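Please open the model in a viewer and keep the sequence panel at hand. The tour below proceeds by selection, and each stop states what is to be found there.

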Amino acid sequence: MVSVVSRATRVALREMALEAGAREAATVVAPFVVATVVLAGLGLGPRPDVLRSAAPGVSWLVVVFAAVPLARSVAAAEREEGCWDLLRGLAPASALLWGKVAALWVWLAAAWAVATLLTAALFNASTTAMGALGGGLGALGLAGVTVLFGAIIGAQRRSGMLAVLLLPAGLPALLAGTQASTPGVDAGAWIALLVAYDLITLAVAWAAFPVLLEG
Amino acid sequence: MSRGAVERVLGVLAALAAAALVVLGLLVAPPDAVQGQAQRLMYVHVPAAWVAYLAFAAVLVCSVAYLVRRDLAWDRRAQAAAELGVGLTGLAIMLGSIWGRPVWGVWWTWDPRLVTTVVLLLVYVGYLGVRGLAVDAHVNARRAAVVGVAGFVNVPLVHFSVVWWRTLHQPPTVLRPAGPASAIEPVMLVALLAGVVAFTLGAGWLYLRRLRVLARRAAPPPVSVGARPVPSVTVVRGDGE
């Protein structure tokens with residue numbers, strides 16, 4: 001158990017180091033988040049009340065859509081350097097999974113935070129503490145399915161299939177996350193749904209990931 | 001009984017059940033007091049949705065069986081069930097939309113049951129799309145099995161969406177705690193059950209036929225006993241010409 005946690009931490013730190021070097025996620029996701037929020041403002045505006053009410057949904061749509069390019073990079077660096085098989089030999093499947101989920105959770109939660117700050121500034125929307133909790137929980141479950149589907153399709157042709165698989169899989173995060181961060185909505189049940197979503201997606205990812213590493 | 005005979009019996013039974021459905025649904029059952037003639041679409045819409053759930057449950061079982069046994073026959077069973085489920089889900093959405101226009105006044109509304117059903121359809125379209133990504137049949141089967149297992153998580157979400165969320169779609173009629181008698185006239189219930197039987201038998205017949213096609217495609221090409229040997233090629237090393 002300790003060995004898996006320490007190896008997963010090392011895999012997560014390695015992902016962070018890769019990102020610090022290549023800035024892959026930052027260069028892909030940050031401009032995408034900014035462009036989407038600004039374009040959503042233009043598309044849905046200019047009525048301030050419409051923009052304010054749409055803000056939580058826009059933030060979550062940005063996060064779910066950002067998962068698609070992030071899924072392509074799940075094992076991209078390793079495959080490009082030809083060390084994917086070596087890494088699979090060195091670290092157990094569960095350590096690889098949790099390390100990659102942790103790294104992706106950071107990117108997705110950061111995408112949600114940036115989108116929420118932008119909508120707060122541009123749409124004059126307010127955020128709640130339960131909304132922030134929902135942001136963290138929703139990003140965790142989404143990170144689980146992103147790693148799973150990224151491992152299946154990330155380096156394949158037909159990468160458009162990623163959107164077909166990931167966008168529906170992100171529906172519970174989109175729905176419950178949006179409701180949890182909408183002011184005036186009782187967030188308790190939606191937070192419970194997000195916890196259930198996290199448990200189910202992470203359990204399925206944990207059970208299925210070793211099978212995907214076979215080839 | 002051979003597989004061919006089972007197919008024939010299923011086909012005949014499905015045709016008989018479909019005929020019973022037509023008679024009961026169009027002639028015997030009265031029009032709904034509120035919805036009028038449009039309600040008759042429920043005798044095909046509900047069975048299509050139910051058999052689609054059944055097909056997706058079969059995908060789950062066959063996917064798990066493949067992951068345990070690593071036998072491509074289970075993968076073919078999962079694929080045939082997924083194709084059936086996708087077709088029936090598409091049919092259920094289309095029929096629901098046709099019913100919604102006169103009853104709700106719109107072809108489509110942002111209702112949790114409708115949205116989650118479309119999401120379910122997309123998940124299994126993705127499941128079928130994952131196949132063919134790799135050359136190795138077992139790699140394809142493994143990936144598809146993982147999506148098949150993960151995708152089934154959506155099925156209870158679709159079914160219980162009308163219970164968990166405030167929705168325009170009506171709650172379950174047959175599988176309600178108080179029983180179907182409190183929600184539907186007996187003659188309408190019989191027509192609905194005839195629809196469920198007809199769709200289940202018809203789907204079973206289609207499933208067996210599709211399995212036969214998939215098994216034939218997967219089988220190695222037959223070797224002809226009297227085939228002429230391929231002439232050998234002699235490579236001459238030297239100056240060439």
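Two residues are in contact if their C-beta atoms, placed from the backbone, lie within 7 Å. The model shown here is predicted.

**Stop 1: chain B as a whole**

Select chain B and colour it by secondary structure. Seven helices and zero strands make up its elements, and the order along the sequence reads α-α-α-α-α-α-α. Chain B has 241 residues, of which 34% count as buried. How much of the contact in chain B, at a separation of 6 or more, comes from residues 24 or more positions apart? Such pairs account for 77% of the contacts in that range.

**Stop 2: a buried residue in helix H3 of chain B**

Select residues 72-103 of chain B, which form helix H3, and then B:Val86 within that helix. Is B:Val86 buried or exposed? A residue with 20 or more other C-beta atoms within 10 Å of its own is buried; B:Val86 has 22 and is therefore buried.

Now display the partners of B:Val86. Beyond its neighbours within four places in sequence, B:Val86 is in contact with B:Leu121, B:Tyr124, B:Val125 and B:Leu128. For a longer view, draw a line from B:Val86 to B:Leu189: the two are 103 residues apart in sequence, and their C-alpha atoms are 26 Å apart in space.

**Stop 3: the loop before helix H3 of chain B**

Move to B:Arg70, in the loop between helix H2 (42-69) and H3 of chain B. The phi angle of B:Arg70 is positive, at about 55°, although the residue is not a glycine. With 13 other C-beta atoms within 10 Å, B:Arg70 is partly exposed.

**Stop 4: helix H7 of chain B**

Select residues 186-218 of chain B, helix H7, and find B:Arg216 there. B:Arg216 has 8 other C-beta atoms within 10 Å, so this residue is exposed. A line drawn from B:Arg216 to B:Gln37 joins residues 179 positions apart along the chain, and their C-alpha atoms are separated by 44 Å.

**Stop 5: where chain B touches chain A**

Show both chains together. Here 17 residues of chain B are in contact with 17 residues of chain A. Which elements of chain B give two or more residues to this side? They are helix H4 (112-130) and helix H5 (137-151) of chain B. Sorted by class, the side of chain B that touches chain A has 13 nonpolar, two polar and two charged residues.

**Stop 6: helix H6 of chain A and the loop that follows**

Select residues 93-122 of chain A, which form helix H6. At 1.5 Å a residue, its 30 residues should span 44 Å, and the end C-alpha atoms are 43 Å apart, which agrees.

Just after H6(A), select A:Asn124, in the loop between H6 and H7 of chain A. A:Asn124 has a phi near 55°, a positive value in a residue other than glycine. This residue counts as exposed because it has 12 C-beta neighbours inside 10 Å.

**Stop 7: helices H7 and H8 of chain A**

Two packed helices are described by the angle between their axes and the distance between the axes. Select residues 129-153 and 161-169 of chain A, helices H7 and H8: they pack at an angle of about 165°, with their axes 10 Å apart. H7(A) and H8(A) are therefore roughly antiparallel to each other, and their crossing is right-handed.

To see the contact, show these side chains:

- From H7(A): A:Val145, A:Thr146, A:Phe149 and A:Ile153.
- From H8(A): A:Met161, A:Leu162, A:Leu165, A:Leu166 and A:Ala169.

By class, this contact has eight nonpolar, one polar and no charged residues.

**Stop 8: helices H3 and H7 of chain A**

Keep H7(A) and add residues 48-72 of chain A, helix H3; this pair packs at an angle of about 25°, with axes 10 Å apart. That angle makes H3(A) roughly parallel to H7(A), and the crossing of the two is right-handed.

The contact includes A:Val63, A:Val64 and A:Ala67 among the residues of H3(A), and A:Ala139, A:Leu142 and A:Thr146 among those of H7(A). Its residues divide into nine nonpolar, three polar and one charged.

How values were computed. Residues are numbered from 1 along each chain as its sequence is written. Chains are lettered from A and ligands numbered from 1 in the order in which they are written. This is a predicted model: local features need pLDDT of at least 70, side-chain atom pairs count only at pLDDT 80 or more; totals for chains, interfaces and linings use all residues. Helices (H or I, at least four residues) and strands (E, at least two) are DSSP runs, numbered from the N terminus. The expected span of a helix is 1.5 Å times one less than its number of residues. Ala, Val, Leu, Ile, Met, Phe, Trp, Tyr, Cys and Pro count as nonpolar, Asp, Glu, Lys and Arg as charged, and the others, Gly among them, as polar. Axes are lines fitted to C-alpha atoms, for helices over the stretch in contact, and angles run from 0 to 180 degrees between N-to-C directions. Angles under 35 degrees count as roughly parallel, over 145 as roughly antiparallel, 65 to 115 as roughly perpendicular and the rest as oblique. A crossing is left-handed if the near helix is turned anticlockwise from the far one by less than a right angle, and right-handed if clockwise.
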